[in-house]
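Here is a note for a colleague who has the coordinates open and would like a guided reading of them. It is meant to be followed point by point alongside the model.

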Amino acid sequence: MPITEGTAWGRPWGTTWFAIDAAVPEGWSGAPELVVDLGFIPTQPGFQCEGLAYDEAGNVVKALESRNMYVPLRAGAGGPERIYVEAASNPDIGAGWSFAPTALGSLRTAGEEPLYRLGAVRICERDETVFALERDVDVLLDTALALDRSSARRAGILRALDRFLDMLDFDDISGSATEARGELEAVLSATGARANHEVVAVGHAHIDSAWLWPVRETKRKVARTFSNVLALMEEDPDFVFAASSAQQYDWLRETQPALFDRVRSRVAEGRFVPVGGMWVESDVNLPGGEALVRQFLLGKRFFMEQFGYESRIAWLPDSFGYSPALPQIVMAAGCDRFLTQKPSWNEVNRMPHHTFLWEGLDGSRVLTHFPPVDTYNSDLSAAELDRAARQHAEKGISDQSLVPFGYGNGGGGPTREMLATARRKRDLDGSARVRMGHPEEFYDEVEHTLVDPPVWRGEMYLEFHRGTYTSQARTKLGNRRCEHLLREAELWATTAALRKGYEYPADALRRAWETVLLQQFHDILPGSSIAWVHEEAERNYALVQAQLESVVTDALNALGATTGHSESVLANAAPVSLAGIPPMSVGTPVAPAPVQATTREDGSVDLANSHLSARISADGTLSSLVDRESGREIIPPGTSGNVFELFRDTPNQWDAWDIDKSYRNTPVELGGPRSVRVEGGGVVVEREVGRSHVSQRIALVEHALEIETTVQWRESQRLLKLGFPIDVHTDHAASEVQFGHVHRPTHTNTSWDDARFETFAHRWVRLEERDFGVTIANDRTYGRDITRHPRLGGGTYSLVRESLLRAPRFPDPDADQGEHVFRHSVVAGDLQRGIAEGYRLNLPLRGATAAVRPIVAVDSPGVLVEAVKLAEDGSGDLVVRMYESQGARATASLSCSVPCQSPTRTDLLERDLEQQPDDPWTLHLRPFELATVRLRPARAVGEREEPR
């Protein structure tokens, strides 16, 4: 149907196709272009309507966006040229970042009313001279206004601009542009960049794999952005563009194969650079260790297979803090360079370095650059370049920094105006020098000039976005469950493949991993996306769980250990003994210690077994917990554990992202329990918490007090915490992270300590004195705060408050409403017992019918096997990944229960390392060291015929 300027079009999240016939008039000498205003909002691209233009043959030309509205037409006059535009009417969810609740984030609630009105559609003659003049003026004026008012350079530029204005004929701008440009030539050619700082400008377009739009729309954003980049590369031979995320390239390969082939050609030229090596730019706090390994394994393999290219740079500019485990993972994946930008968002403390060695848990060090421009979406403005030069911490030693430039977050990328700006600032007096270049070349030059870089040790905690450890609890639960099911599925499938000839489901496992890795993107797993994204994530997790359960069942059936509800034979997929069953085997559990429950006259209940005794008060809290082995009382005098606290949670900005420390000032008063009763050998507590209902079952399970909490959550802008005071005098807490644990202060001696008021951990946190420790384990929570308090009778105790639920209103106004089930346990004893408890809650034993020996084993209790799988190359080789878990040096012997050749040490991409140990069956590991070994099953005459 015909459409005219001003016509409304595009329901929320809809797609409208426009067919435009454009005929270039006779006599035009300039470059003809079709300029299309889809009804753009005057803000940056990526957060509103967008379009992708095709020619008559169906080939992608380039995108149409709010600051990039042109499509080149064939030169010369002639018959009409047809352009098709696929226009997406994506809503502006941010709406000026008011953080107001919106119904636009889900198809269920977004409505049908059109969002946009078609603007002007024009055939235009582009005047290259006038374009150049506009860039001259913009660059000079921008530079002058960033200089000190007393600067002679500023005065010279402004005088030249005055002369230019006198020369420009406003009635004939095109005719007078060349002469007017002449008045600016002298000041544009003046060289001698301020402070001699040089920025290496790398084209960039940070494309969030989902955020204020669904994954479906990201696939189209990739095509739009990459087509823009390819169009610019045809115009500017110096332009280099870097993009991460193998997943995004794979989407392009599937949806736009011709465009993907054009990208492949530019990659071969070295101008389109696949950086990062990860499947997506994931969050790196919340994913498990093996998941981060697979981010690199799948991502790097894709880049090598599709492009023959391996990046040395791990590229994560926008993730919400950086785990201390990451340097080792990055290095073991074949990257020795790292780029981040997000610490510039810190609320209190500034990172002291911009180019440095980042040292992780195990001592691995990776060369890290933190661009002082403080953005990954630069437009190369004078203010940004001045900031880069002024803030650069290593000035005088290394006078270079990297600047990623181009519209990002919602994509878009660089524009021709930005490229023209870069050329003018190559050596412009009054500006940092700008050189477009390759990111790897930047690191090469830095390594040459910065021969003794400073060192940053441990995590790079982001002093912002602390709410992302808790928001969207169902998404986090889905991730946790799928990570552990993937471990189980690979373990039993590998065991069955090598023992019984079972067909290893490599494709199904890879697809499951791809889904889980995608949903670890740094706006999905952290819980900061629109409702549509999280609804889809929950559906995907359910599908993956069903598929993996099927793999586990089939594999155990192939092993003759049919799954079922039997409790006489159980399958233990954990790397630790559970219920007396050895790691990664199927066997008969030991009988659990019997539990006695006694109700007292005051309404309290005593629970006791041979390891623990506990008292649950009449108000449902834990008034006593005694470890019988040591005789220690775990609950400090005058306090209670299992205490719910509800707080007002209204952060100043970034609703789903942030928890502000001021939440502590506004606790919500809670009433007593509805009931406390003995049931099934445990205690059941029912209570109202605000407008929500909470039911708990408290029981003793061997060495652990286990609490299962069911919450019917009906709150708005509230934070729910569950607290456990621990009678341990210490100034730090150990928190599990990937492949180890980190010690964080629980005091606030420094501003860095004080800013770390909410932290993340995986399956457990631990408080310990020299000879006594207590671990609190969980099956799904990540966020918590841990503080020190004065103890009655002297000393201090530690308070651990697990963050269970939040109720932000933006970008999902109904986040986390409904039912949630949490499991926590408190266990006293050594670190090994605490680690095992974390596995027990997350890898529950499952019923089976026959014993199965472990396929591999290690004889050091501190060395844990994290993954058992078959090699990615389809060879059938066995790959085993393990790590030292206790922060101590360890020697471990590896054994395999099927005939195999001697193992080889590999990197995370399963490639043999150059240096191999003298005894391949013995591993000597430094604290928290990660090791991957590859074993070839015996298949030919002369190969080892006995298991090792």
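The points below take up the pocket, the cavities, helix packing, a salt bridge and two details of the backbone.

1. The model is predicted, and each value in this note should be read with that in mind. Residue numbers count from 1 along the chain as its sequence is written.

2. The largest pocket has a volume of about 1200 Å³. Its lining is made up of 42 residues, and those closest to the centre of the pocket are Leu-578, Ala-579, Gly-580, Arg-840 and Leu-845. Two or more lining residues come from each of strand 31 (692-701), strand 41 (818-828), helix 17 (831-842), strand 43 (856-858) and strand 44 (863-870). Helix 17 gives the largest share of this lining, with five residues. By class, the lining of the largest pocket comprises 30 nonpolar, six polar and six charged residues.

3. Turning to enclosed space, the count comes to five cavities of 30 Å³ or more. The largest cavity has a volume of about 330 Å³, and of the 29 residues that line it, Gly-288, Glu-290, His-484, Arg-763 and Glu-866 lie nearest its centre. At least two residues of the lining are supplied by each of helix 8 (289-307), helix 13, strand 34 (732-737) and strand 44. The largest share, seven residues, is that of helix 13. Sorted by class, the lining of the largest cavity holds 16 nonpolar, five polar and eight charged residues. Strand 44 is worth inspecting in both places, since it is listed for the lining of the largest pocket and also for that of the largest cavity.

4. The second largest cavity holds about 70 Å³ of space. Its lining includes His-204, Ala-205, His-206, Ile-207 and Phe-226, together with Ala-242, Ala-243, Ser-244, Ser-245, Gln-248 and Glu-281. By class, five of the lining residues of the second largest cavity are nonpolar, five are polar and one is charged.

5. Helix 13, already met in the lining of the largest cavity, also packs against other helices. Helix 13 (residues 473-500) meets helix 15 (residues 531-558) at an angle of about 25°, and their axes are 8 Å apart. The two helices are therefore roughly parallel. Their crossing is left-handed, and the contact between helix 13 and helix 15 has 16 nonpolar, five polar and six charged residues.

6. How do helix 13 and helix 14 pack, and at what angle? Helix 13 and helix 14 (residues 506-518) pack at an angle of about 160°, with their axes 11 Å apart. It follows that helix 13 and helix 14 are roughly antiparallel to each other. The crossing of helix 13 and helix 14 is left-handed, as is the crossing of helix 13 and helix 15.

7. Over the whole structure, a search finds 84 salt bridges. One example that can be followed in the model is the salt bridge between Asp-21 and Arg-82, in which the closest N and O atoms are 2.8 Å apart. Because Asp-21 belongs to strand 2 (residues 14-22) and Arg-82 to strand 7 (residues 81-89), this pair ties together parts that are 61 residues apart in sequence. As background, side chains of opposite charge can pair when their charged atoms come close.

8. Two details of the backbone deserve a look during review. Phe-810 and Pro-811 are joined by a cis peptide bond, for which omega is about 5°; Pro-811 lies in the loop between strand 40 (796-806) and strand 41. Glu-702, although it is not a glycine, has a positive phi of about 55°, and Glu-702 is found in the loop between strand 31 and strand 32 (704-713).

How values were computed: Predicted model: local features only at pLDDT ≥ 70, side-chain atom pairs only at ≥ 80, totals over all residues. Heavy atoms only, no water. 1 Å grid on protein atoms, 1.4 Å probe; cavity = no way out; pocket = protein on both sides within 12 Å on 5 of 7 lines; lining within 4 Å. Points joined across faces, edges and corners; volume = space filled by probe spheres on them. Helix = DSSP H or I, 4+ residues; strand = E, 2+ residues; numbered from the N terminus. Nonpolar A, V, L, I, M, F, W, Y, C, P; charged D, E, K, R; others polar. Axes fitted to C-alpha atoms, helices over the stretch in contact; angles between N-to-C directions. Parallel < 35°, antiparallel > 145°, perpendicular 65-115°, else oblique. Left-handed = near helix turned anticlockwise from the far one by under 90°. Salt bridge = Lys/Arg side-chain N within 4 Å of Asp/Glu carboxyl O.
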